[in-house]
Amino acid sequence: MPPSLLLHRAPCARPTSARSASRLYCSPVVAATNGAGGSRSPKPPPRRPPGKPRFSRQSAIRKSFQQEQVVFSTPVPADPTVAVIGGGASGLACASALAARGVRSVVFDTGKHGLGGRLATRTVDGELVFDHAAQFFTAGDERFRRLVEGWVERGLVREWRGSVGELEAGGRFTPTPFSTPRYIAVNGMRQLADVMLPESDLIKVVRPSWISKLEPFNGTWRLFENEKPQGQYDALVIAHNGKCANRLLSTSGLPQLTKQMKRLELSSVWALLAAFEDPLPVPQNSSYGAFEGAFVRDIDSLSWMANNTRKLFPLETGRPECWTFFSTASYGRRNKVPQENIPNATAGKVKRDMLGGVELALGLSKGSLQLPFYTRVQLWGAALPMNTPGVPCIFDPQGRAGICGDWLTGSSIEAAVLSGMSLGDHVADYFASHGERPEEFAVGLDDSLNRVEGHDIGQFPGLESQKPQVAEPQLAPTV
Ligand SMILES: Cc1cc2nc3c(=O)[nH]c(=O)nc-3n(C[C@H](O)[C@H](O)[C@H](O)COP(=O)(O)OP(=O)(O)OC[C@H]3O[C@@H](n4cnc5c(N)ncnc54)[C@H](O)[C@@H]3O)c2cc1C
């Protein structure tokens, strides 16, 4: 049994059902249809009944489930390279874990301004700074805690000691006790992405790059960006989710990964970034001062508000206040539009609704909130996972491909990092086995998905206000 499975999730080392057992051990590999090395088990072509349209969403989904499974039969090379598609927290953690085990990887990411994905910081005119996705994080798991402590020692991450709590309409604020440290990256959350990659010749980053096609070829995976070849790799890591991943996987020859990915449901959340000349009139008292971050209760257009200026520059005075406001997931769902192309009317409505929510939350009279001198509205159309298989990672040894990401165990930076680390270790173990006992390395291919509990902006393990989680991460500490 591979060591990482022993450490992280022993039950996955064997198939979880008779159905998966027969697929893993018995399905005959008959033909090599794709050049060599990787082969696809044959299936009769699907028949289209007369009069049916050529394309429908349902038939596309069905087709992607019926893809022929790629089966790599070539030996694992001595010095393999892994393609990691996605340079968010999970992809970067995966690349680092692979490098720690001496395995090369190439990380592809779409980010124009930097790596990080939902670790996102926007700087406007060099002065206004907004974290516009992840706001802060906690560290519940021992392995993640060790990592975070290293970042703190290097001065890249620090505790956010400002007051954070719950805000009810009318300005009733209840601070959350300090029992669990809350962390932020000192220059904004995107910085975490740079922090996470070790300086290593074993990791190459290609950015901005949008991988649009995967193709098994000669015992390797060929990647393409539109039609441009982006190299050949011995294994694949899908470190992103949502529509992009579904599209990429739909013709990949990885039906089991496709099926799991398609089960994932994601919330939508609106973000409003707003800069104000003067401080907002937030509740404060002598023991906790003015709050810097608040989970907002019972206001449809608002679930979170945070003062980036106080959070990132606590010692500086006279700076404009840069606030990040997030809607609730239910408001996001009801007001969803294509995130790349937000109609002006929608942007205007969302801004009005959210600023109205701020007034309500702070107990201000309608129309009395000072006008921000800068605003930006953004939709996170695939914001946070709403369900999870509760496994550290997914790996299909036949196709030499895996998935990591926050959604494998929850909805937080911690979940993303732990998932990436697990998959990196797992792939390294698989390579170390020379691919000789592939069936032992199948992970998460059949697990059903359960609801994720937490806040509309994710989970914060250890915070007092955290609701109990439904899907417990099944990660055991390393020894
Ligand atoms: C509004 C909001 C608030 C949040 N607040 C918090 C918080 O306060 N605390 C917390 O812990 N968590 C928070 N989260 C969650 C946290 O940000 C995520 O859990 C974590 O960052 C996810 O990392 P990931 O690697 O799984 O995915 P991502 O960060 O989404 O990374 C995926 C990457 O893959 C790239 N990609 C996609 N398709 C391709 C392709 N075809 N080719 C190449 N690259 C591709 C994407 O551009 C992206 O960079 C928040 C999330 C949102 C949206």
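**Notebook: strand 3 and its sheet**

I began with strand 3 in this predicted model and found that strand 3 and strand 4 (residues 104-108) pair in the parallel sense, with five bridges. For a register point I noted Ile 85, which stands opposite Phe 108 in strand 4.

I then looked up the link between the two strands. Strand 3, helix 4 (residues 89-100) and strand 4 make up a β-α-β unit, and the unit is right-handed.

Next I checked burial. Four of the five residues in strand 3 (residues 81-85) are buried, so I logged the strand as mostly covered.

I turned to the other partner. Strand 3 also pairs with strand 15 (residues 235-238), in the parallel sense and over four bridges. Here Ala 83 is the residue opposite Leu 236 in strand 15.

I traced the whole sheet. It is open, has six strands in the order 11-4-3-15-24-23, and its pairing is mixed. Strand 11 (203-206) and strand 23 (394-396) are at the edges with a single partner strand each, so one side of each has no neighbour in the sheet. On average, neighbouring strands of this sheet are turned by 20° against each other, direction ignored.

I followed strand 4 outward. Strand 4 runs parallel to strand 11, and four bridges join them. Phe 108 stands opposite Val 206 in strand 11.

Last, I listed the helices on the sheet. Helix 4 touches strand 3, strand 4, strand 11 and strand 15, and its direction makes about 165° with that of strand 4. Helix 12 (residues 413-432) packs on the sheet through strand 3, strand 15, strand 23 and strand 24 (401-403). The direction of helix 12 makes about 165° with that of strand 24.

How values were computed
Residues are numbered from 1 along each chain as its sequence is written. This is a predicted model: local features need pLDDT of at least 70, side-chain atom pairs count only at pLDDT 80 or more; totals for chains, interfaces and linings use all residues. A residue is buried if 20 or more other C-beta atoms lie within 10 Å of its own, exposed if 12 or fewer, and partly exposed in between; C-beta atoms are placed from the backbone. Two strands pair if DSSP finds at least two bridges between them. A crossover is right-handed if, with the strands pointing away from the viewer, the path from the first strand over the helix to the second runs clockwise. Axes are lines fitted to C-alpha atoms, for helices over the stretch in contact, and angles run from 0 to 180 degrees between N-to-C directions. Two residues are in contact if their C-beta atoms, placed from the backbone, lie within 7 Å.
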